[in-house]
Amino acid sequence: MTEVSRHSARFRLGGLSGIDMISHALDTYRDRMALVSSFGAESAVLLHMAAQVSKDIPVIFLDTGKLFAVTHDYQADLAARLGLNNLRTIHPETEDIKTEDRLGALWREDPDRCCTIRKTWPLNRALKGFDAWVTGRKKFQNTDRKQASGVQTQDDRLILSPLLNWPKPDLDAYFETHGLPPHPLVREGYLSIGCFTCTLPVGAGEDQRAGRWQGQAKTECGIHRPVLNPAA
Ligand code: SF4
């Protein structure tokens with residue numbers, strides 16, 4: 001896809017959100033668009049919307065090798081319930097793990113490098129051939145995400161965030177209206193759910209992602225880089 005085409009798509013999709021953005025984006029990109037989901041605390045909303053548009057949208061689930069066991073159960077249950085039939089579970093390369101994280105403790109010594117080999121590289125490989133991908137980021141999750149744009153470009157692909165401006169009460173209402181099951185760890189105070197090694201419950205009044213890499217300056221895994229070229 002050329003930069004002119006990307007610019008045009010950014011312009012057309014930039015004013016949309018929720019299921020409208022997914023639907024129009026699929027009209028534009030068809031089989032060149034994927035959805036990336038952690039099957040985390042609020043993932044059910046985006047996945048449910050996508051399933052209403054098409055159950056064939058490729059859904060990429062990144063199994064870092066460090067996920068909570070209940071996340072795997074939740075992923076299987078939710079995908080079956082929503083009828084998602086193009087689920088693609090991806091993993092880090094065995095060779096990368098052998099070379100760089102043989103003892104499985106890199107998350108403690110160098111979490112940025114750990115996220116690179118367990119998240120960024122596998123996702124970059126999985127996104128080859130796609131011109132756009134859909135993510136469930138929300139502005140209210142932390143301070144960094146307030147700067148994000150609903151449609152932005154990264155590595156010559158569009159990243160679409162249909163829920164970026166949705167407030168938490170609207171997400172809760174969507175769960176309620178559609179009878180969606182919450183991730184089991186939400187009731188234990190985990191409001192953002194990643195690897196078990198780097199995720200803790202969140203205290204009252206804290207940012208939703210405050211339990212991720214707690215006590216460190218790190219707030220993101222590196223999959224989403226700072227916004228360089230927001231929607232036109
Ligand atoms: S979240 Fe933690 S364990 Fe998971 S990839 Fe990043 S540093 Fe490694």
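What follows is a walk through one sheet, a pair of helices and a ligand site in a predicted model. Residues are counted from 1 along each chain as its sequence is written. Since the model is predicted, local features need pLDDT of at least 70 and side-chain atom pairs count only at pLDDT 80 or more, while totals for chains, interfaces and linings use all residues.

Start with the sheet. Its 6 strands line up in the order 3-2-1-4-6-5, the sheet is open and the pairing is mixed (strands pair if DSSP finds at least two bridges between them; strands are DSSP E runs of at least two residues and helices H or I runs of at least four, numbered from the N terminus). Strand 3 (87-90) and strand 5 (151-154) sit at the edges with a single partner strand each, so one side of each has no neighbour in the sheet. Strand 2 (residues 59-62) and strand 3 run parallel, joined by 4 bridges. Isoleucine 60, for instance, has arginine 88 of strand 3 as its bridge partner.

Now for the helices. The axes of helix 2 (residues 18-29) and helix 3 (residues 43-53) come within 9 Å and cross at roughly 45° (axes are lines fitted to C-alpha atoms, for helices over the stretch in contact, and angles run from 0 to 180 degrees between N-to-C directions).

Finally, the ligand: 13 residues surround it, and the closest are Trp107, Cys114, Cys115, Cys195 and Cys198 (a residue is near if its C-beta atom, placed from the backbone, lies within 6 Å). Helix 7 (residues 111-126) gives the largest share of this shell, 5 residues.
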